[in-house]
There are 2 protein chains.
Amino acid sequence: MDEKGVTLITVFEVAPDRVDAFVEQWRERAELMRAAPGFRDARLHRARTAEARFQLINVANWDSAEAMEAARADPAFQESVRLALEDAVPHPVLYDVVVEYP
Amino acid sequence: MDEKGVTLITVFEVAPDRVDAFVEQWRERAELMRAAPGFRDARLHRARTAEARFQLINVANWDSAEAMEAARADPAFQESVRLALEDAVPHPVLYDVVVEYP
């Protein structure tokens, strides 16, 4: 385990009229993630204005990239993602925290 | 003060060879922010791969949109942003946390 961990930030492109449905569906998928080894925390953010380019951004922290990939390889998760793709295009990217306050 | 607060997520478009310089410059600007009333926390994330569409994403939590706007209106902050714009195009958007784990 990497003590610093890794941050998976997923920018979702979602049609404005599909955001509510997507959030509900995301909640179910997150239940699978939070039970996975190496999961630390996750926050799904929703834009305050409908004009924002990115309506939804998820920020999730994991112990390591390996732990995250193992969780995403789970068949139940894969099936949930397949359903979600009808509503949104995800852009998941791994990040390191380079500056942090406080 | 809004107890839930608000999250400012800024996606930066930065040329790969300017990322290091930008991070240093961002650190100075963040020093101005952390001293501002209503500031909670901030994390600057850097992509692990140079191919990622968004090399840098800042996630900052504030007590309220008003507190954040007051901090950004500070002349010292404005000057710092002006310098940063030579390196990066920021896309700041206000978000609410709609799902959170744990």
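Read from the N terminus, chain A runs β-α-β-β-α-α-β, which adds up to 3 helices and 4 strands (DSSP runs, H or I over at least four residues for helices and E over at least two for strands, numbered from the N terminus). The radius of gyration of chain A, taken over C-alpha atoms, is 14 Å, close to the 13 Å that the globule rule gives for 102 residues, so the chain is as compact as a globular protein of that length; the rule itself is 2.2 Å times the number of residues to the power 0.38. The C-alpha trace of chain A spans about 40 × 35 × 15 Å along its principal axes, and 50% of the 102 residues count as buried (under 20% relative accessible area, with over 50% being exposed and partly exposed in between; 1.4 Å probe, protein chains only).

This is a predicted model, with local features needing pLDDT of at least 70 and side-chain atom pairs counting only at pLDDT 80 or more, while totals for chains, interfaces and linings use all residues. Residues are numbered from 1 along each chain as its sequence is written, chains are lettered from A and ligands numbered from 1 in the order in which they are written, and side-chain values use heavy atoms, leaving out hydrogens and water.

Now to the barrel. It is closed by 8 strands in the order β1(A)-β3(A)-β2(A)-β4(B)-β1(B)-β3(B)-β2(B)-β4(A), with antiparallel pairing (two strands pair if DSSP finds at least two bridges between them). From one strand to the next, the twist averages 35°. Within chain B, β2 (residues 39-47) and β3 (residues 56-62) pair in the antiparallel sense over 7 bridges, and B:Ala42 has B:Ala60 in β3(B) as its bridge partner. Helix α1 (residues 19-34) of chain B packs on the sheet, touching β4 of chain A as well as β1, β2, β3 and β4 of chain B (contact means heavy atoms within 4.5 Å). The direction of this helix makes about 70° with that of β4(A); axes are lines fitted to C-alpha atoms, for helices over the stretch in contact, and angles run from 0 to 180 degrees between N-to-C directions.

As for strand β1 of chain B, B:Thr10 sits there and counts as buried at 5% relative accessibility. Leaving aside residues up to four places away in sequence, B:Thr10 touches B:Leu56, B:Ile57, B:Asn58, B:Pro90, B:His91 and B:Pro92.
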